[in-house]
Amino acid sequence: MTLVRFFRPEFINQVDRYNGTASRFEGSTAKGTMPATNIMEGTDSFVLELAALGFSKSDFSIEVNNNTLTIKGEKQNADAANVKYTRCEFGYGNFSRSFILGKAVDTNNIEAKYENGILSITLMKREEAKPKPARVIDVN
């Protein structure tokens, strides 16, 4: 069972949307920012890790709608209007990443935590998607 189609077929799709103007994350474009993401699979769950340094917990919005997990982050530089920068390399902007969840994910059992600049989202697998032990069949 997997989470993302282009890695394996169970997780259907991944869509990145760009908003804002900052170029804060690796993989940034002129359109906006996108946090680098790791996707790991365990026996009971999938874990998504997004590198989002400088954000706080209140800057994130995570929702599941029609089997699509959408993660949004919005960070504004509040001091930008009051400070004249000689050079400003800290970028603050918006991002949105969406992941279409496959049948293996229990959409009612998702947890998120933000610690040390990493947003971790744990998606528990449905019971029927978890690996089963090998079964020995007797021959009569």
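Which residue in E3 does Met40 stand opposite? In this predicted model, the partner of Met40 is Val47. The two strands involved, E2 and E3 (residues 45-51), run antiparallel to each other and are joined by five bridges.

That pairing is one piece of a bigger picture. The protein chain is built from eight strands and has zero helices, so to speak a plain run of β-β-β-β-β-β-β-β when read along the sequence. Buried residues account for 31% of the 140 residues in the chain. The exposed surface comes to about 9300 Å², with carbon and sulfur atoms supplying 47% of that area. As for how the chain folds back on itself, take the contacts between residues at least 6 apart in sequence: 55% of these join residues at least 24 apart.

Back to E2 and E3, then. Both belong to an open sheet of four strands, arranged in the order E2-E3-E8-E7 with antiparallel pairing. Strand E2 (37-41) and strand E7 (105-115) sit at the edges, each of them pairing on one side only. On average, and with direction ignored, neighbouring strands of this sheet are turned by 15° against each other. As a rule, strands of a sheet pair through backbone hydrogen bonds, either parallel or antiparallel.

Ser120 gives a view of the sheet from one residue. Ser120 is placed in strand E8 (residues 118-125). Is Ser120 buried or exposed? With a relative accessibility of 12%, Ser120 falls under the 20% cut-off and therefore counts as buried. Leaving aside residues up to four places away in sequence, Ser120 touches Leu48, Glu49, Glu111, Ala112 and Lys113. Of the strands already introduced, E3 spans residues 45-51 and E7 spans 105-115, and in the sheet order E8 is written between E3 and E7. There is also a charge sitting over a ring to note: Lys125 lies over the face of Phe46, at 5.2 Å from the ring centre.

Another antiparallel pairing is found between strand E4 (residues 60-65) and strand E5 (residues 68-74), this time over six bridges. Within that pairing, Val64 stands opposite Leu69 in E5. The hairpin made by E4 and E5 has two residues between the strands, and the backbone there deserves a look. Most residues other than glycine have a negative phi. Asn66, in the loop between E4 and E5, goes the other way, with a positive phi near 50°. Asn67 lies in the loop between E4 and E5 as well, and has a positive phi of about 60° although it is not a glycine. How do the two fare for exposure? Asn66 has a relative accessibility of 70% and so counts as exposed, whereas Asn67, with a relative accessible area of 37%, is partly exposed.Strand E4 also leads into the aromatic side of the structure, which holds four aromatic pairs. One of them joins Phe55 and Phe60, whose rings are stacked at 5.4 Å centre to centre with 25° between the planes. Phe55 is buried, with a relative accessible area of 7%, and Phe60 is buried too, at 14%. Phe60 takes part in a further pair, with Phe95: the ring centres are 6.4 Å apart and the planes stand at 65°, so this pair is edge-to-face. The link spans distant parts of the chain, since Phe60 is in strand E4 and Phe95 in strand E6 (residues 94-100), 35 residues apart. Phe95 is buried as well, with a relative accessible area of 1%. Together with Tyr114, the residues Phe55, Phe60 and Phe95 form one aromatic cluster.

Key
Residues are numbered from 1 along each chain as its sequence is written. This is a predicted model: local features need pLDDT of at least 70, side-chain atom pairs count only at pLDDT 80 or more; totals for chains, interfaces and linings use all residues. Side-chain values use heavy atoms; hydrogens and water are left out. Buried means under 20% relative accessible area, exposed over 50%, partly exposed in between (1.4 Å probe, protein chains only). Contact means heavy atoms within 4.5 Å. Two strands pair if DSSP finds at least two bridges between them. Accessible areas come from the Shrake-Rupley method with a 1.4 Å probe; for residues, only the protein chains shown count as cover. Axes are lines fitted to C-alpha atoms, for helices over the stretch in contact, and angles run from 0 to 180 degrees between N-to-C directions. Rings of Phe, Tyr and Trp (its six-membered ring) pair if their centres lie within 6.5 Å; planes under 30 degrees apart count as stacked, over 60 as edge-to-face and the rest as tilted. A charge sits over a ring if NZ of Lys or CZ of Arg is within 6 Å of the ring centre and within 35 degrees of the ring normal.
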